[in-house]
Amino acid sequence: RHAKCAFYTNKTVYCAAHKSPGMIISDFTVRRRVVIDKDIQQLLANEGFKEPGDKMRVGPLIFHHPGHILNNTSNFHTRDMIYPFDYSASRLYWSTELPGVRCQYHCTIDIMNEMPLFR
């Protein structure tokens with residue numbers, strides 16, 4: 001919402017530059033029962049990354065490296081969020097360039113000029 005994206009009833013999302021008239025969703029209330037049975041923190045604590053190269057899968061997300069908490073700088077955390085340096089995860093998702101093709105997207109948090117760099 002903050003980026004002014006348009007969320008449509010057919011479950012597509014368009015950025016502000018490419019949105020078009022249609023059935024845009026403005027109410028994000030979930031009107032069905034939602035049950036979350038996985039405690040991610042408990043899973044991380046129990047399973048963890050025991051050996052170098054270990055990976056962990058939670059749903060469609062594959063964690064390659066949990067990253068490191070940097071205590072010596074305030075640039076890698078806010079009151080509500082922590083950005084672990086060297087974090088790495090990936091997931092398969094539909095390509096934004098080739099319709100009908102799935103590809104792997106990688107997410108990493110690096111450092112540049114003492115600030116987090118999201119790739």
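**Exercise 1. Placing M115**

Find the element that holds M115 in this predicted model, and decide whether the residue is buried, partly exposed or exposed.

*Solution.* Start with the element: M115 belongs to strand β7. Next, take its relative accessibility, which is 41%. Buried means under 20% and exposed means over 50%, so M115 counts as partly exposed at 41%. Finally, look across to T73, which is 42 residues away along the chain. The C-alpha atoms of M115 and T73 are separated by 8.9 Å.

**Exercise 2. The chain as a whole**

Work out how many helices and strands the chain has, and in what order the elements run.

*Solution.* Counting gives one helix and seven strands. Reading from the N terminus, the order is β-β-α-β-β-β-β-β. For the burial of the chain, take its 119 residues: 14% of them count as buried.

**Exercise 3. Aromatic pairs**

Find how many aromatic pairs the structure has. Then describe the geometry of each pair.

*Solution.* Step one is the search of the whole structure, which yields two aromatic pairs.

Step two takes F63 and Y87. Their ring centres are 6.3 Å apart and their planes stand at 75°, so this pair is edge-to-face. The pair connects distant parts of the chain, since F63 is in strand β4 (residues 61-65) while Y87 is in the loop between β4 and β5 (88-94), 24 residues apart. F63 has a relative accessibility of 15% and therefore counts as buried. Y87 is buried too, with a relative accessible area of 17%.

Step three takes Y83 and F118. Here the ring centres lie 5.3 Å apart with the planes at 80°, which makes this pair edge-to-face. Y83 sits in the loop between β4 and β5, and F118 sits in strand β7 (residues 115-118), so the pair ties together parts 35 residues apart in sequence. As for burial, Y83 is partly exposed at 23% relative accessibility, and F118 is partly exposed at 48%.

**Exercise 4. The surroundings of W94**

Identify the residue that lies over the face of W94, and the nonpolar patch that includes W94.

*Solution.* First, locate W94 in strand β5. Its relative accessibility is 48%, so W94 counts as partly exposed. Now look over the face of the ring: R102 lies there, at 5.9 Å from the ring centre. Last, turn to the surface, where W94 joins Y93 and Y105 in a nonpolar patch of about 340 Å².

**Exercise 5. Two positive phi angles**

Compare the settings of D86 and E114: which loop holds each residue, and is each one buried, partly exposed or exposed?

*Solution.* It helps to recall that most residues other than glycine have a negative phi. D86 is not a glycine, yet its phi is positive, at about 75°. D86 lies in the loop between β4 and β5, and at 32% relative accessibility it counts as partly exposed.

E114 is also a non-glycine residue with a positive phi, of about 65°. Its place is the loop between β6 (102-112) and β7. With a relative accessible area of 52%, over the 50% cut-off, E114 is exposed.

**Exercise 6. Salt bridges and disulfides**

Find how many salt bridges and how many disulfides the structure holds. Then give the accessibility of the salt-bridge partners and of C103 and C107.

*Solution.* Begin with the charged side chains. The structure holds one salt bridge, in which the side chains of D110 and R119 meet at 3.3 Å, N to O. D110 has 22% relative accessibility, so it is partly exposed. R119, by contrast, is exposed, with a relative accessible area of 57%.

Now the cysteines. A disulfide is a covalent bond between the sulfur atoms of two cysteines. Searching the whole structure turns up zero disulfides. C103 is partly exposed at 25% relative accessibility. C107 is partly exposed as well, at 34%.

Methods: Residues numbered from 1 in each chain as written. Predicted model: local features only at pLDDT ≥ 70, side-chain atom pairs only at ≥ 80, totals over all residues. Heavy atoms only, no water. Disulfide = S-S within 2.5 Å. Buried < 20%, exposed > 50% of the residue type's maximum accessible area, 1.4 Å probe, protein only. Phe/Tyr/Trp six-rings, centres within 6.5 Å; stacked < 30°, edge-to-face > 60°. Helix = DSSP H or I, 4+ residues; strand = E, 2+ residues; numbered from the N terminus. Lys NZ or Arg CZ within 6 Å of the ring centre and 35° of its normal. Patch = residues over 30% accessible without salt bridge, like charges linked within 9 Å, V, L, I, M, F, W, Y side chains within 5 Å. Areas by Shrake-Rupley, 256 points an atom, 1.4 Å probe, with all protein chains shown as cover. Salt bridge = Lys/Arg side-chain N within 4 Å of Asp/Glu carboxyl O.
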